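I opened this notebook to keep track of what I looked up, one entry per topic. I begin with the whole chain and then go to single helices and pairs.

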Amino acid sequence: METPPSSSSSLAPPRPSPLSSSQGSSPSLTLCSIPDLTSSTDRERDSTETTIFSIYSMYGDEAATWPASAFDDASRQLDLSLGDSFSYSNFVNRTTSKYISKTDSACIDISLDSHRFSHLANPYEQSSQPNSRPSSRSRPVTGCAPGSFNKRETLELPPRIPGVSSGRNSPVTSCSSQAGSEINLPHVSLKPLPTPPHSRPSSLLRQADPPSLEPASVPAAPQPSSSLSAPVFSQTPPSSPATKLHSKLSSPSSKTSLAPSEGEDLDSFHVRSVYAQLHATGVRGDGFEEGVERTRARNRVSRASELRAEAAVGRPSEKLRDLPPEEMLVLSSLDRYGFFAVTTHDRLVLLPSAPLQKRLSTVHAGPKTASAQAVSVNSLPPPSSPLKEAARISKWGRMLEVRSRDCGGNAESWGVKPSKAHKLRHRVYKGIPDRWRNAAWEVLMNDCSRSGHEVIVRLKEYYYQELDKPSSYDIQIDLDVPRTISGHILFRTRYGLGQRWLFHVLHSFSLRCSQCGYVQGMGPIAATLLCYFEPERVYAALCCLHDAYSMHAIFSPGFPGLLEAIYVQERIMQSKMPDVYAAFKKHMISTTSYATKWYITLFANSVPFQTQLRLWDAFLLEGQDLFVAAAVAVVWVYRDHITSSSANFESVLSLLSSVFVPEDEDALLFWIEHLLGDKKLRKQMGNWRREWTQLVRSGKDRGVLL
């Protein structure tokens, strides 16, 4: 028997290795005020409009707008190149000794000389010209808007000293901000896909002779299928309406270097370059300190903020230092999944196990005197190790076998022994041991997609290729990265290893499918996968979810897969809980108003992290029907509260928008297992999906959903 590595987390491993997670406070989305859906106007809204309205409202409280930035001096041009030889695929998670620029532009030297790590190239700098004079014009403003952002310091964009050569040994002025400034969270202006959900007016670059732009080729997504496939190349997704930046580099190598691509938005390139530079140097206090904001800073600058920004850049000695007592104290407070003990502001309600003792069947309304309020929970209970975890670890070790090894003899891919295959389903519902979750998830995804290790290897290569290409979604991704599972040690520090991984994965995946692009629900999914896989493997896993698990339909414009799942959920409620269905109709509560985030994030923000992992175990086994069953389970548990005589629109919607803390996770999973094990109901669910498809094709889907 071969046992995989322990699940202990390591923030900066010397070579790519799966990072196992460990839990605590559940990540959650900040919900805005509940929209009033009771008016006749809202009742006329079709299902697609209601769904998009509900999704955008999930992020409404954190919204703001970005100001445009402009260059007023038409006689100046920007030199944004970082060298033709610089490529993501040459250094992201690869061994790299040093970077030497072949041009006269600013560069990063990744050597062991510590003083070279103290500066970052400024992508807004002007080219060094012998006869140029200092410009009094203001440079572009990458704006901030109301809403404090975790009180992190902001990083500003200082001008380069005129006349100083930007050669390898020349000092490079770092970017920082005024002391004591706070970053404000910008407004997210969401639009229907494939237009990026956030669009910020880009910088205006005035040139005397604007060159012609050629479209860059990037991979587009294949249509959903039962197996993974290589992406088909097509043109890049449309970027935000803005004046495009034309790269001054014209050599073929510049198209894959970290330099602005032809037609790339200036602000998007700034975001992409900052993550690339910091991935080469690292940041100080990764996992412990808050970090310094760099991509959303204003253009004011002070010497003090410059020094703070320089001090936040990682040094070669960072990994060799002894941890101070205060850092040891903070790290000792982590739970077994790597979460800090933080106070959540979401409403927590108990998901009692008593209703789950009765299997799904036709039931009627409970007592009218039942309370409309569920039992509240003050805080999330600390995750605990299952009582039989040690025995289950041994059983999984005997059930899985190594299918291939790398050149060093390490296990590279896993499979289920044929003699143990009949035990797989029941053991998945009992809970996959955390140390085996990496291997088990790989086995389940490979089985569903009917693919092998060779396909995963090809997808990993596509991941590195996409890192060198621009994405029109980079600004929105950068906005969402710091607020995704921020309570986890891997994602705590701004621009830390976890946040850089998350940005790179979402950047590459946004180029996979021109229809889906990027939507905010992808962030929690990718972050959860990063707790168990290296970033290139996470990209491959997202491609598997997109193609084999029908997530393409969930994330496509109009969210057709989401509406289909809701239709199936409503048919189950109508047939098994008619009084509950009638109560929703009476209070004019649409299913999209509370269930949208369940399906978009795969319950990542609706249950504790440990429960989410158990649901994902079953999802990778069962497929898209799992979360329909989970949604029905939640409504089943609270059916008496929903049909109570004291229930109303606000009480029901508030209840179903809460974070559910199961009293007994096993009871919840076994109830779902029994529901999906009912072959008659499972066949009916398939019929309802086909029925919804016919309604959409015939244009009769309007008004069918609640």
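**Entry 1. Whole chain.** I call a residue buried when its relative accessible area is under 20%. The model I am reading is a predicted one. I looked up how much of the chain falls under that cut-off: of its 706 residues, 58% count as buried. I then listed the secondary structure and found 24 helices and nine strands. For contacts with a separation of 6 or more, I noted that 80% are between residues 24 or more positions apart.

**Entry 2. Helix H13.** Is helix H13 mostly covered or mostly uncovered? I found H13, residues 522-530, mostly covered, with nine of its nine residues buried. I wrote down their names: Met522, Gly523, Pro524, Ile525, Ala526, Ala527, Thr528, Leu529 and Leu530. Next I asked which helices these buried residues pack against. My list has H9, H12 (497-510), H14, H15 (551-555), H18 (592-600) and H19 (609-622).

**Entry 3. Leu502.** I picked one residue of helix H12, Leu502. Its relative accessibility is 0%, so Leu502 counts as buried. I set aside the neighbours within four places in sequence and looked up the remaining contacts of Leu502, which are Val481, Thr484, Phe491, Gly523, Ala526, Ala527 and Leu530. Gly523, Ala526, Ala527 and Leu530 are among the buried residues of H13. I also checked a C-alpha distance: Leu502 and Pro524 are 22 residues apart along the chain and separated by 9.6 Å.

**Entry 4. H9 against H14.** Two packed helices are described by the angle between their axes and the distance between the axes. I looked up both for H9 (residues 437-449) and H14 (residues 535-548): the axes come within 10 Å and cross at roughly 40 degrees. H9 and H14 are therefore oblique to each other. I noted the crossing as left-handed. On the H9 side I listed Glu442, Met445, Asn446, Cys448 and Ser449, which meet Arg537, Ala541, Cys544 and Ala548 of H14. The residues of this contact divide into five nonpolar, two polar and two charged.

**Entry 5. Salt bridges.** Side chains of opposite charge can pair when their charged atoms come close. I counted such pairs and got 21 salt bridges.

I looked at Arg272 and Glu264 before the others; their side chains meet in a salt bridge at 2.9 Å, N to O. Arg272 has a relative accessible area of 0% and is buried. Glu264 is buried too, with a relative accessible area of 4%.

I then turned to Asp617, which forms a salt bridge with Arg437, the closest N and O atoms being 2.9 Å apart. Asp617 is in helix H19 and Arg437 in helix H9, so this pair ties together parts that are 180 residues apart in sequence. Asp617 counts as buried at 0% relative accessibility, and Arg437 counts as buried at 2%.

Another pair I checked is Lys460 with Glu534, whose side chains meet in a salt bridge at 3.7 Å, N to O. Lys460 lies in helix H10 (residues 453-467) and Glu534 in the loop between H13 and H14, so parts 74 residues apart in sequence are tied together by the pair. Glu534 counts as buried at 11% relative accessibility.

My last look-up was a network: salt bridges that share partners join Arg425, Glu564, Glu622, Asp625, Glu673, Arg682 and Arg689.

Key:
Residues are numbered from 1 along each chain as its sequence is written. This is a predicted model: local features need pLDDT of at least 70, side-chain atom pairs count only at pLDDT 80 or more; totals for chains, interfaces and linings use all residues. Side-chain values use heavy atoms; hydrogens and water are left out. Axes are lines fitted to C-alpha atoms, for helices over the stretch in contact, and angles run from 0 to 180 degrees between N-to-C directions. Helices (H or I, at least four residues) and strands (E, at least two) are DSSP runs, numbered from the N terminus. Angles under 35 degrees count as roughly parallel, over 145 as roughly antiparallel, 65 to 115 as roughly perpendicular and the rest as oblique. A crossing is left-handed if the near helix is turned anticlockwise from the far one by less than a right angle, and right-handed if clockwise. Contact means heavy atoms within 4.5 Å. Ala, Val, Leu, Ile, Met, Phe, Trp, Tyr, Cys and Pro count as nonpolar, Asp, Glu, Lys and Arg as charged, and the others, Gly among them, as polar. Buried means under 20% relative accessible area, exposed over 50%, partly exposed in between (1.4 Å probe, protein chains only). A salt bridge is a side-chain nitrogen of Lys or Arg within 4 Å of a carboxyl oxygen of Asp or Glu.
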